[in-house]
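Welcome! Please take a moment to look over the sequence and the model below, and then we can walk through a few of its features together.

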Amino acid sequence: MFPDPRPRTVHGPSRVVAMVNQKGGVGKTTTTINLGAALAEAGLKVLLVDFDPQGALSVGLGINPLQLDLTVYNLLMDRQVTAEEVLLETGVENMDLLPSNIDLSAAEVQLVTEVAREQVLGRVIKPLLPEYDVCLIDCQPSLGLLTINALACAHGVMIPLECEFFALRGVALLMDTITKVQERINDELVIEGLLATMYDARTLHGREVLARVVEAFDDKVYHTVINRTVRFPDATVAGEPITSFDPSSLGASAYRELAREVLARWDAEK
């Protein structure tokens with residue numbers, strides 16, 4: 001059990017955390033929404049950045065990406081657009097969103113010719129960071145230029161990892177990419193931790209994969225484990241975090257515990 005966080009009297013500057021895993025369907029978006037909501041519930045001001053052209057983070061918060069006039073894409077590609085113009089309030093108090101839609105897929109190609117193309121996201125979100133305590137960036141399931149942009153401006157990387165063999169295989173490639181970013185672009189980048197998601201203690205396979213992850217990464221693995229439950233898809237369909245959709249569920253409790261663990265680790269760093 002981790003202690004309840006101390007009350008916040010002042011906010012900012014923001015700690016930027018990128019949710020990264022090049023394998024899809026491992027719980028990046030679910031973790032971004034629900035960890036963000038749990039941190040907001042604990043009194044922090046949270047900024048979510050939907051950096052996936054599929055716009056799943058926006059959909060999961062009840063926003064139709066196809067009806068948006070301005071998104072992160074406009075923020076990246078048009079210097080006349082400010083972050084405040086793109087920013088949306090969510091249904092969760094103290095939690096705001098920079099939304100995305102399929103337009104963002106064009107940015108990967110268009111950014112190739114830009115000067116300092118890995119630094120574009122960091123530049124456009126920089127004006128917002130003093131107002132928030134935490135910024136969570138939901139990355140697309142690839143290690144392309146958009147993900148490198150997120151890693152270049154982040155203080156830390158959180159790696160949601162499905163307790164399944166194929167998910168484990170991809171972590172080595174991801175670690176290699178993170179090391180290259182640390183060496184060449186962002187030497188302050190740290191690995192926040194690996195989060196075991198979609199865990200089913202009833203299966204031997206799930207238990208073995210979790211044991212191997214802990215064996216390989218030791219104290220980098222969060223103590224909190226997110227179990228597999230049907231309430232997460234239900235909450236996504238409803239367009240709200242599990243913490244408000246079903247506050248007493250095991251999923252909501254797990255993300256509140258994760259929020260306490262994350263904050264405890266950050267306090268220990270200080």
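What should the 14 residues of helix 10 span at 1.5 Å a residue? This is a predicted model, and helix 10 runs through residues 204-217. At that rise the expected span is 20 Å, and the end C-alpha atoms are 20 Å apart, so the expectation and the model agree.

**The two faces of helix 10**

Helix 10 has buried residues, namely G206, V209, L210 and V213. These residues lie on the same side of helix 10, because they cover an arc of only 100° around the axis. What lies over them? The cover of the buried residues of helix 10 includes strand 6 (156-162), helix 8 (165-169) and strand 7 (190-197). On the face turned away from the buried side, you will find the exposed residues L204 and E215. Just after helix 10 comes D218, with a positive phi of about 55°.

**Two other residues with positive phi**

Next, have a look at two loop residues. Neither A116 nor M198 is a glycine, yet A116 takes a positive phi and so does M198. Here they are side by side:

| Residue | Phi | Loop | Relative accessibility |
|---|---|---|---|
| A116 | about 50° | between helix 5 (104-110) and helix 6 (120-125) | 42% |
| M198 | about 50° | between strand 7 and helix 10 | 24% |

Are these residues buried, exposed or partly exposed? Buried means under 20% and exposed means over 50%. A116, at 42%, therefore counts as partly exposed. M198, at 24%, counts as partly exposed too.

**The largest pocket**

M198 also leads us to the largest pocket, where M198 is one of the lining residues that lie nearest the centre. The others named there are G25, G27, K28 and T30. How many residues line the largest pocket? The lining is made up of 24 residues, and the space in the pocket is about 470 Å³.

Which elements give two or more residues to this lining? They are helix 1 (28-41), helix 2 (56-60) and helix 11 (231-238). Helix 1 gives the most, with four residues. Sorted by class, the lining has 10 nonpolar, 11 polar and three charged residues.

To find your way back through the model, you could begin at M198, in the loop between strand 7 and helix 10. From there, helix 10 leads to its buried residues G206, V209, L210 and V213, and then to D218 just after the helix.

Note on methods. Residues numbered from 1 in each chain as written. Predicted model: local features only at pLDDT ≥ 70, side-chain atom pairs only at ≥ 80, totals over all residues. Heavy atoms only, no water. Expected span 1.5 Å × (residues − 1). Buried < 20%, exposed > 50% of the residue type's maximum accessible area, 1.4 Å probe, protein only. Arc of directions from axis to C-beta. Contact = heavy atoms within 4.5 Å. 1 Å grid on protein atoms, 1.4 Å probe; cavity = no way out; pocket = protein on both sides within 12 Å on 5 of 7 lines; lining within 4 Å. Points joined across faces, edges and corners; volume = space filled by probe spheres on them. Nonpolar A, V, L, I, M, F, W, Y, C, P; charged D, E, K, R; others polar.
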